[in-house]
Amino acid sequence: MFDASFWVAIAFFLFVLLLVFKKVPQIVLGQIDNKINELKNKINEAEELKSNSEKLLSEAKSKLEKSDEENSNILAKAQKISDDEISASLEKMKISLENKEKAAQNKIEQAKNDAINQVKKLATKVALETVEKVLTENLDGKKQEEINLSKVKQSIEKLKNIN
């Protein structure tokens, strides 16, 4: 009368009734709904993170552009300051060289004047010695006394001391 397939069908039917009675499909559906809600929350959270990341990225790009502008401004200012310092240093160096050149010219002029004075002294000395020699050799005793050679010698000595 009842074969094995009948009992399998009844067992299956009882199993399904038991599942419905214990609310297993609702529990499974609730778990699936929970998983779906959990996934939706994670997707929403990921979208929020993405929008925050994009916002932070745009802020970072904006800061980077500002820093690039600041860097170029700073470099321009530094270049200008450097050029000004170089110009000032060159001007100081030029003034210093002019002063040194003037000092060297003054030293040269002084050395020239000293050399001229020494030549004058030497020429005067030679001329005086020559006059003295000519007077002593060419004049006889009386004339020498008349001229008073000693006075001439004193004059010669004074001239020597002057120069």
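Which helix has the highest confidence, and in which is it lowest? Keep that in mind as you color this predicted model by pLDDT. Helix α2, residues 24-138, comes out highest with a mean of 91, while helix α3, residues 141-147, sits at the bottom with a mean of 63. Over the whole chain the average pLDDT is 86, and 86% of the residues reach at least 70. Where pLDDT is low, the predicted coordinates should not be read in detail. So spend your time elsewhere than helix α3, given its mean of 63.

**Stop 1: the whole chain**

Switch to cartoon view. You'll find four helices and zero strands, so to speak an α-α-α-α pattern when you read along the sequence. Now turn on the surface. About 14600 Å² of the chain is accessible, and carbon and sulfur atoms account for 60% of that. What share of the 163 residues counts as buried? Just 2%.

**Stop 2: helix α1**

Select residues 4-21, which make up helix α1, and pick out F12 there. Is F12 buried or exposed? It is exposed, because its relative accessible area is 55% and the cut-off for exposed is over 50%. Now add F15, V16 and V20 to your selection: together with F12 they form a nonpolar patch on the surface. The accessible area of these four residues together is about 390 Å².

**Stop 3: an acidic spot on helix α2**

Move on to helix α2 and select E65, which is found there. Then add D68, E69 and E70, and color by charge: E65 and these three gather in a patch of negative charge on the surface. E65 has 52% relative accessibility, so it counts as exposed.

**Stop 4: the salt bridge**

How many salt bridges does the structure hold? One, and to see it, show the side chains of D84 and K80 as sticks. The N to O distance in this pair is 3.4 Å. Both residues belong to helix α2, where they are four residues apart, or about one turn of the helix.

Which of the two partners is exposed, and which is partly exposed? K80 counts as exposed, at 53% relative accessibility. D84, with a relative accessible area of 42%, is partly exposed, because that value falls between the 20% and 50% cut-offs.

**Before you close the viewer**

For a last look, show helix α2 with both of its sites: E65 from the negative patch and the D84 and K80 pair. Helix α2 is also where confidence is highest, at a mean of 91.

Note on methods. Residues numbered from 1 in each chain as written. Predicted model: local features only at pLDDT ≥ 70, side-chain atom pairs only at ≥ 80, totals over all residues. Heavy atoms only, no water. pLDDT = per-residue confidence, 0-100. Helix = DSSP H or I, 4+ residues; strand = E, 2+ residues; numbered from the N terminus. Patch = residues over 30% accessible without salt bridge, like charges linked within 9 Å, V, L, I, M, F, W, Y side chains within 5 Å. Areas by Shrake-Rupley, 256 points an atom, 1.4 Å probe, with all protein chains shown as cover. Lys, Arg positive; Asp, Glu negative; His and termini not counted. Charge placed at Lys NZ, Arg CZ, Asp CG, Glu CD. Buried < 20%, exposed > 50% of the residue type's maximum accessible area, 1.4 Å probe, protein only.
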